[in-house]
Amino acid sequence: DQITFRQLQGLQAISRGGAAYAPPGAGPAGLRVPSFAEVLDELRTLHASTGRIVGVYPEVKTIGQGLNSYNRALADAMLAELAHPRHGRLFDGRRGNVILQSFDGEVVAYLSRQSSLPVVQLSPQCPARADIPAIAARADGVGTQAAQADADCLQRLRAAGLFVHVYTLSNANPDLHATMFRNGVNGVFTNAPDTAIAQREQALPGAPPRDWVAPARRRRE
């Protein structure tokens, strides 16, 4: 059975609990599931009222493999919403506040062709050396599991001009944030952003403590 977005909006999202997440009773009883457009509207309103810019890192969650009709439609809808005139070019990349991502290489290549925004190739493992040239031809960075981001992985990805983000850190192992930053990753996906900020400041003293800027789009032939 299919679930419509209208039905999803009738649900209440809560924490799953456990060491990696806040206890279910620690926050609101439940949060309504927002649309992507609503998230961007909230960030635009925040910018208009405070001048603050919050980064967005949307992912094309694919069904099936490759650039099929569903995956292409989802990618197109995401790009269209980011470029909607009501946002006043807040999400056009000039402010370094948007990165696009997907696990599917064909979708990553499509996003790169259709947009000037930086694009990340997600991968559950650090890409094999033989696969890196093809990834570098379509992506600006790689997002991989933290456990895969050893020194050799980081060296070969950097040598190809790719930035590296790792996923998914949490308070189940808070010190791993600092370890990843010391190892030279460019950023982390985390369930504990406050911990990430504190650990980044500890690992990289003197770095801007709360500024978030997306890496520049690579120039590809």
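T168 lies in strand β6. The peptide bond that leads into T168 from Y167 is cis, with omega near -25 degrees. The model is predicted: local features need pLDDT of at least 70, side-chain atom pairs count only at pLDDT 80 or more, and totals for chains, interfaces and linings use all residues. Residues are numbered from 1 along each chain as its sequence is written, and side-chain values use heavy atoms, with hydrogens and water left out. Helices (H or I, at least four residues) and strands (E, at least two) are DSSP runs, numbered from the N terminus.

**The sheet**

- Five strands form an open sheet, in the order β3-β4-β5-β6-β7, with parallel pairing.
- Two strands pair if DSSP finds at least two bridges between them.
- β3 (100-102) and β7 (187-190) are the edge strands, and each pairs on one side only.
- From one strand to the next, the twist averages 25 degrees.
- Axes are lines fitted to C-alpha atoms, for helices over the stretch in contact, and angles run from 0 to 180 degrees between N-to-C directions.
- Helix α4 packs on the sheet and touches β3 and β4 (119-123). The direction of α4 makes about 175 degrees with that of β4.
- Contact means heavy atoms within 4.5 Å.

**Strands β6 and β7**

- Strand β6 (residues 163-169) pairs with β7 in the parallel sense, over three bridges.
- H165 has G187 of β7 as its bridge partner. L169 has T190 of β7 as its bridge partner.
- In a regular strand the side chains alternate between the two faces of the sheet.
- β7 shows such alternation: G187 and F189 point to one face and are buried. V188 and T190 point to the other face and are not buried.
- Buried means under 20% relative accessible area, exposed over 50%, and partly exposed in between (1.4 Å probe, protein chains only).

**Q101 in edge strand β3**

- Q101 lies in strand β3.
- Q101 counts as buried because its relative accessibility is 5%.
- Not counting residues up to four places away in sequence, Q101 touches Y57, P58, E59, V60, L111, V120, L122 and F189.

**Helices α3 and α4**

- Two packed helices are described by the angle between their axes and the distance between the axes.
- The axes of α3 (residues 69-82) and α4 (residues 105-114) come within 11 Å and cross at roughly 35 degrees.
- This crossing of α3 and α4 is right-handed. A crossing is left-handed if the near helix is turned anticlockwise from the far one by less than a right angle, and right-handed if clockwise.
- On the α3 side, the contact is made by N71, R72, A75, D76, M78 and L79. On the α4 side, V107, Y110, L111 and Q114 make it.
- The residues of this contact divide into six nonpolar, two polar and two charged.
- Ala, Val, Leu, Ile, Met, Phe, Trp, Tyr, Cys and Pro count as nonpolar, Asp, Glu, Lys and Arg as charged, and the others, Gly among them, as polar.

**V108 in α4**

- V108 is found in helix α4. V108 counts as buried because its relative accessibility is 0%.
- V108 touches S102, V119, V120, Q121, R138 and A139, not counting residues up to four places away in sequence.
- The C-alpha atoms of V108 and D140 are separated by 9.8 Å, with the two positions 32 residues apart along the chain counted as their spacing.

**The disulfide and α6**

- A disulfide is a pair of cysteine sulfur atoms within 2.5 Å. By this rule the count comes to one.
- C126 and C153 form the disulfide, with their sulfur atoms 2.1 Å apart.
- The link of C126 and C153 is right-handed, with 95 degrees about the S-S bond.
- The pair links distant parts of the chain, 27 residues apart. C126 is in the loop between β4 and α5 (132-138), and C153 is in helix α6 (residues 151-159).
- Both C126 and C153 are buried.
- The buried residues of α6 are C153, L154, R156 and L157. They pack against α5, β5 (141-145), β6 and α7 (175-183).
- G161 follows α6 and has a positive phi, near 80 degrees.

**Backbone at R89**

- Most residues other than glycine have a negative phi, and most peptide bonds are trans.
- R89 is not a glycine, yet its phi is positive, about 65 degrees.
- R89 lies in the loop between α3 and β3. R89 counts as exposed because its relative accessibility is 53%.
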